[in-house]
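Biologist: I am new to this structure and would like to go through it step by step. Could you show me the sequence and the model before I begin asking?

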Amino acid sequence: MKRISILGSTGSIGRQTLEVISQFPDRFRVVGLAAGRNIGLLKEQIIAFRPEVVSLKNKEDANLLSKELSTGKVKVLWGEDGAEAVAAYPEADIVVSAMVGASGLKPTLCAVKSGKNVALANKETLVMAGSILTEEAFKNRVNILPVDSEHSAIFQALGNNKREFIKRLILTASGGPLLKLSEDQLNNVTIEMALNHPTWKMGKKISIDSATLMNKGFEVIEAKWLFGVPPDKISVWIHPQSIVHSMVEYIDGSIIAQMSIPDMRIPIAYALSYPERIPLNLNRETSISSFKELTFEEASFSRFPALKLAYKAAEEGGTVPAVMNAANEIAVEAFLQGKIRFTDIIRIVSKVMELHRPLPGNTLEEILEMDSWARKTAKALIS
Ligand code: MG
């Protein structure tokens with residue numbers, strides 16, 4: 001029996017994780033849940049999964065939930081401390097890190113320091129503090145298991161092969177909902193258009209990041225840290241069908257790919273069951289027609305400037321990736337609020353990166369300091 005805590009239980013990955021868990025009550029038990037402000041859904045999850053500890057973002061919400069639950073069997077916490085308590089909960093064997101954006105960093109680090117294996121969906125954590133997180137994971141002898149579909153694919157394609165056998169990693173990208181638009185059309189992209197992803201159903205933040213391809217840029221940095229492969233050995237190929245989830249090319253010319261229908265429950269289940277596999281019920285068949293046409297094309301930097309920025313950040317390291325991430329969070333938020341145009345998102349991120357004076361980023365304090373500088377600077381550029 002694996003005991004699981006989920007950070008971000010009411011989000012897209014959190015909900016799908018609980019769906020996988022509900023299929024295997026003999027294998028998995030939920031001990032902790034941390035959510036944001038969705039009290040209603042968290043309450044349903046508490047009733048269905050009976051965790052021992054939960055946390056919400058705000059104190060008022062936590063008080064409200066405590067009153068509604070009345071039984072007092074579950075401990076209700078709140079805030080950053082609450083999320084960290086869920087992450088470090090002694091009963092948990094594995095922590096699913098699925099909060100959105102930079103808010104996931106501290107609780108994820110806390111899980112690793114408490115000796116928990118982490119199923120990582122919150123890629124921003126590795127983007128911001130990859131060296132700190134991987135070092136702590138090594139020190140505490142815990143595994144960071146990828147939930148991101150591309151990295152799960154690479155993890156599976158790597159198997160027991162030694163790192164020195166890798167020629168390069170090939171990350172695939174659907175290209176998002178705006179792949180076929182001209183530069184002119186990109187200027188007039190609406191929020192609905194950008195959110196309408198062709199192959200994956202996801203939360204808002206990651207959907208916008210997929211439309212700009214900043215998400216793929218983050219994934220290059222994520223791959224660098226997860227697999228210890230330098231950015232110049234990581235390629236991005238546009239593959240609109242989202243069937244090949246990524247590949248590893250070896251020095252002997254072999255390429256090993258992982259394929260499946262696009263369904264996040266597959267990489268979630270693998271991260272939870274690793275090193276075993278479980279008979280997942282996806283209520284949908286993988287048919288031969290899904291594999292009828294698979295196309296690949298190199299992703300161009302001129303078409304996707306976000307990718308260029310991310311490679312630069314990956315090469316430079318230090319506080320650069322954290323600054324890129326923070327500026328992106330602010331710009332995406334502004335776009336979702338209708339304050340800026342779609343093409344302004346990457347323009348703002350690029351400008352903030354230009355203004356940034358990079359630090360080595362060896363400590364969390366330094367990274368968080370630059371994170372808040374970048375947020376302030378991005379906000380000033382927007383208004
Ligand atoms: Mg992905």
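Biologist: Which residue in β2 is the bridge partner of isoleucine 4?

Modeller: Please keep in mind that this is a predicted model. Strand β1, residues 2-7, pairs in the parallel sense with strand β2, residues 28-34, over 6 bridges. Between these strands the chain passes through helix α1, residues 12-23, in a right-handed β-α-β crossover. Within this pairing, the partner of isoleucine 4 in β2 is valine 30.

Biologist: Which residue in β5 is the bridge partner of isoleucine 6?

Modeller: Strand β1 also runs parallel to strand β5, residues 94-97, and 4 bridges join the two. In β5, the residue that bridges to isoleucine 6 is valine 96.

Biologist: What is the order of the strands in the open sheet?

Modeller: The sheet has 7 strands with parallel pairing, and its edge strands, which each pair on one side only, are β4 (75-78) and β7 (144-146). Neighbouring strands are turned by 25 degrees against each other on average, with direction ignored. Helix α4, residues 79-87, lies across β1, β2, β3, β4 and β5, and runs at about 150 degrees to β3. The order of the strands is β4-β3-β2-β1-β5-β6-β7.

Biologist: Which residues coordinate the magnesium ion, and at what distances?

Modeller: Along the chain, the donors follow the spacing D-x1-E-x68-E. Aspartate 148 and glutamate 150 are both buried. The magnesium ion is coordinated through OD of Asp148 and through OE of Glu150 and of Glu219, at 2.1 to 2.2 Å.

Definitions and conventions: Residues numbered from 1 in each chain as written. Predicted model: local features only at pLDDT ≥ 70, side-chain atom pairs only at ≥ 80, totals over all residues. Heavy atoms only, no water. Pairing = 2+ DSSP bridges. Helix = DSSP H or I, 4+ residues; strand = E, 2+ residues; numbered from the N terminus. Right-handed = clockwise from strand over helix to strand, strands pointing away. Donors = N, O, S within 2.8 Å, 3.2 Å for Na, K, Ca; no water. Buried < 20%, exposed > 50% of the residue type's maximum accessible area, 1.4 Å probe, protein only. Axes fitted to C-alpha atoms, helices over the stretch in contact; angles between N-to-C directions. Contact = heavy atoms within 4.5 Å.
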